Amino acid sequence: MSHSEKYIANNDRYNSAVSYNYCGKSGLKLPKISLGLWHNFGDVDDADEALSMIKYAFDNGITHFDLANNYGTPYGSAEKNFGRILKEHLRKYRDELIISTKAGHEMWPGPYGDGGARKYLIASLEQSLKRMQLDYVDIFYSHRYDPNTPIEETMGALSDMVKQGKALYVGISKYPEDKAREAYQILRKNGTPCVIYQGKYSLLSREIEQEVLPLAAEQGVGFIGFSPLAQGVLSDKYLNGIPENSRAAHSYGFLQQKQLTPELIERIGKLNSIAALRGQTLAQMALAWCFHRKEVSSVIVGTSSVKQLQDNIDALKNLQFSDEELWQIGELGGRM
Ligand SMILES: NC(=O)c1ccc[n+]([C@@H]2O[C@H](COP(=O)([O-])OP(=O)(O)OC[C@H]3O[C@@H](n4cnc5c(N)ncnc54)[C@H](OP(=O)(O)O)[C@@H]3O)[C@@H](O)[C@H]2O)c1
């Protein structure tokens, strides 16, 4: 019997703390916590821990895994590693999984490996499907707005991917509000409505609250927040320096040490004290806080260990905030 056949997912997975929200007005349900594979699942990362995190996530009801063509170091390696794990361990659970990928940032050299052109998006999804050894993804995103490509062309490519059966749903990420509005209109006209907007959201990054969230609600589009822990800053890990192996310590990561100013760390310390009074870790409070906006369908966490994932799932045990707590958090958060 192969190792893959020995892995039997925990049958209690849908009785854990993870519950599901409808994604906007669509019929798609997403776990409140989704797992993102931007960091920690590439060829430079610990493959055993990556496997353990994916199994732990699924065993605890996290059905949604978020990828992009360029995730992992090197680019593409997160999709390749995820594809191998899927094939070896989760193949029989494919219909229980929501797998998303994206194209829009730099992926390969030359004029066709970046942006929002039809040429790039269609080729990129083909490559992603091959790397993940899949016939289709559940959600395909335009990863960012490209001002140099007509939006009708970008949206047309997304719609065609759905019509060809290579994606079940489409989404957009990081679009400015006016372009998101146009995208929603075009996708609806094409018969492939946008189900989801993916945007950066944490108590240190609240820009989307003003326009993007109300627009999503108005248009019946779901919202999924990325980097809800501000890449780990919203935890107690940087309160006493930069631990070895943390994201800020890595030369290839996206969190830079210069972002961790003494002023920011002082505010993080105060937020940590508020979390302690609630009986939560700061990471748990930061995740729970995202749901104070009813438009939020899910948040995508990135984790480097099973222990972090466990900690994060437990955030869902207390999503209630008093007005006083929300006010205090608002005073300390807001910017990085
Ligand atoms: N659409 C886009 O443009 C876009 C952009 C960025 C991200 N995303 C998506 O969002 C996902 C999440 O982004 P992110 O990785 O920046 O999210 P994040 O959850 O804000 O940060 C993840 C990092 O936080 C730390 N962490 C997580 N749980 C912790 C805990 N319980 N206690 C202490 N530290 C904890 C870990 O840092 P250490 O590694 O230091 O342990 C982990 O690597 C990505 O994987 C990707 O799917 C999308």
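Which element of the protein has the lowest mean pLDDT, and which the highest?

**Figure 1. Confidence across the predicted model.** Helix α1, residues 3-6, has the lowest mean pLDDT among the elements of the protein, at 54, while β6 has the highest, at 99. Taken over the whole protein, the average pLDDT is 96, and 98% of the residues score at least 70. When you zoom in on α1, then, keep its mean of 54 in mind.

**Figure 2. A close-up of helix α5, residues 151-163.** Here you can follow 13 residues from end to end. From the first C-alpha to the last, α5 reaches 18 Å, close to the 18 Å expected at 1.5 Å a residue. Just beyond the helix comes Gly165, which follows α5 and has a positive phi, near 80°.

**Figure 3. The buried residues of α5 and their packing partners.** Look for Thr154, Met155, Ala157, Leu158, Ser159 and Met161, the buried residues of this helix. They pack against two helices, α4 (118-132) and α6 (177-189), and against the strands β6 (137-142) and β7 (167-173). One of these partners, β6, is also the element with the highest mean pLDDT.

**Figure 4. The shell around the ligand.** There are 30 residues around the ligand, and Gly36, Trp38, Phe226, Gly232 and Gly302 come nearest. The elements giving two or more residues to this shell are β10 (296-301) and α10 (306-313). Of the elements, α10 gives the most, with three residues.

**Figure 5. The chemical character of the shell around the ligand.** Sorted by type, its residues comprise 16 polar, nine nonpolar and five charged.

Terms used. Residues are numbered from 1 along each chain as its sequence is written. This is a predicted model: local features need pLDDT of at least 70, side-chain atom pairs count only at pLDDT 80 or more; totals for chains, interfaces and linings use all residues. Helices (H or I, at least four residues) and strands (E, at least two) are DSSP runs, numbered from the N terminus. The expected span of a helix is 1.5 Å times one less than its number of residues. A residue is buried if 20 or more other C-beta atoms lie within 10 Å of its own, exposed if 12 or fewer, and partly exposed in between; C-beta atoms are placed from the backbone. Two residues are in contact if their C-beta atoms, placed from the backbone, lie within 7 Å. A residue is near a molecule or strand if its C-beta atom, placed from the backbone, lies within 6 Å of it. Ala, Val, Leu, Ile, Met, Phe, Trp, Tyr, Cys and Pro count as nonpolar, Asp, Glu, Lys and Arg as charged, and the others, Gly among them, as polar. pLDDT is the predictor's confidence in each residue, from 0 to 100.
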